[in-house]
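Hi,

Here is the structure I promised to pass on. Have a look at it first, and my notes follow underneath.

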Amino acid sequence: MSSFFLTFAENMTDKDMTDRPLILITNDDGILAQGIQELTSLMCRLGDVVVVAPDGARSGMACAISAVTPVRLQPVGPQKPGLRRLQCSGTPVDCVKLASEHVTGRKPDLLVSGINHGDNASVSMHYSGTIGAVLEGCMKGIPSVGFSLRTRRQECDFLPYRQVVLDTVSYVLERGLPQDVCLNVNFPEVDSLQGVNVCRMARGNWVEEWEPADKDSFRLTGRFVNLEPEAEDTDYWALDHGRASITPLRIDATAYPVLAALKALES
């Protein structure tokens, strides 16, 4: 392990190890994005914070890992008690793997990812580097939460969402989450939230996903189609009605109701 990371681990005080939660932060917009700056500021109220995030945008990386190319970690800005920041040349999942193995010195009490610029509701969570990092934390047994904002703007007002972030994180720190379950939290872009819904993913898909960029290439674009717009128990309904959505996700993707039907294939 490099001298920097050895020094980092040695500098974790007894207070860091016992009294205050250790919170790991990452994202897929890059360490300089406004959303992760906001999230870092909020988490510093609740515990000691380690930020390990990509050195640039990694949107759409999902659970991708750097299986071939070596990954570089570098400290960013002054390192001070209660807050450490590092940038990573890899993916959001790389950030979580490296942080938990070589940076934090112990298992974090919580992982938070975001605040993403762009929502990750419905099937979009499958593509999201923000949620990829959350799933990785969950697989490592760390209570993990992702936060995303439905916006296309890089400069946002996060004030309407701060209390929901703090309330959600405080709940998870106090009560934990079930094994192999993590949270996907999405916000509408509004001046004032109309409330918070705990809800399921909406059924939907992306269409018209490519447009010509030049003669031989295409640019990813597209629009999302909500296949059940009237279903009030979904994340998209909540966002469309000015409400935050909180959706529990599971690591186990087994389709349990189908198991019995497939028994006929056993031999």
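Let me start with glutamate 211, which is partly exposed because its relative accessible area is 33%; buried here means under 20%, exposed over 50%, and partly exposed in between (1.4 Å probe, protein chains only). Before going further: this is a predicted model, so local features need pLDDT of at least 70 and side-chain atom pairs count only at pLDDT 80 or more, while totals for chains, interfaces and linings use all residues. Residues are numbered from 1 along each chain as its sequence is written, and side-chain values use heavy atoms, with hydrogens and water left out.

Back to the charges. Glutamate 211 makes a salt bridge with arginine 219, with 3.5 Å between the closest N and O atoms. The rule for a salt bridge is a side-chain nitrogen of Lys or Arg within 4 Å of a carboxyl oxygen of Asp or Glu. Arginine 219 is partly exposed too, given its relative accessible area of 43%. Across the whole structure, the search turns up 15 salt bridges. Another one pairs lysine 263 with glutamate 266, at 3.1 Å between the closest N and O atoms. Lysine 263 is at 48% relative accessibility and therefore counts as partly exposed, whereas glutamate 266, at 54%, counts as exposed. There is also a network: Lys97, Glu136 and Lys140 are joined by salt bridges that share partners. Within it, the side chains of glutamate 136 and lysine 140 meet at 3.6 Å, N to O. Glutamate 136 is buried because its relative accessible area is 7%, and lysine 140 is partly exposed because its value is 33%.

Now the rings. There are 4 aromatic pairs, where rings of Phe, Tyr and Trp (its six-membered ring) pair if their centres lie within 6.5 Å, and planes under 30 degrees apart count as stacked, over 60 as edge-to-face and the rest as tilted. One of them is a stacked pair of phenylalanine 147 and phenylalanine 187, with 6.3 Å from centre to centre and 5 degrees between the planes. This pair links distant parts of the chain, as phenylalanine 147 is in strand 6 (residues 144–149) and phenylalanine 187 in strand 7 (residues 181–187), 40 residues apart. Helices (H or I, at least four residues) and strands (E, at least two) are DSSP runs, numbered from the N terminus. Both phenylalanine 147 and phenylalanine 187 are buried, and together with Tyr161 they form one aromatic cluster.

A ring is also involved at arginine 150, whose charged end sits over the ring of tyrosine 236, 4.8 Å from its centre. That label requires NZ of Lys or CZ of Arg to be within 6 Å of the ring centre and within 35 degrees of the ring normal.

Next, the stretch around helix 4 (92–103). In this helix, the buried residues include Pro92, Val96, Ala99 and Val103. Threonine 104 follows in the loop between helix 4 and strand 5 (110–117), and counts as buried because its relative accessibility is 0%. A polar atom of the threonine 104 side chain lies 2.7 Å from the backbone oxygen of arginine 106. Just after helix 4, glycine 105 has a positive phi of about 85 degrees. Further along, glycine 114 and isoleucine 115 are joined by a cis peptide bond, with omega about -10 degrees, and isoleucine 115 lies in strand 5.

Two residues other than glycine also deserve a look for their phi. Alanine 62 has a positive phi of about 50 degrees; this residue lies in the loop between strand 2 (48–54) and strand 3 (73–75), and counts as buried because its relative accessibility is 18%. Glutamate 208 has a positive phi near 50 degrees and lies in the loop between strand 9 (204–207) and strand 10 (210–214). Unlike alanine 62, which is buried, glutamate 208 is exposed because its relative accessible area is 56%.

Finally, two more phenylalanines. Phenylalanine 218, in strand 11 (residues 217–220), counts as exposed because its relative accessibility is 55%. Phenylalanine 224, in strand 12 (residues 223–226), counts as buried because its relative accessibility is 16%.

Cheers

How values were computed: Polar contact = N/O pair within 3.5 Å; in protein donor to acceptor, adjacent residues only side chain to side chain.
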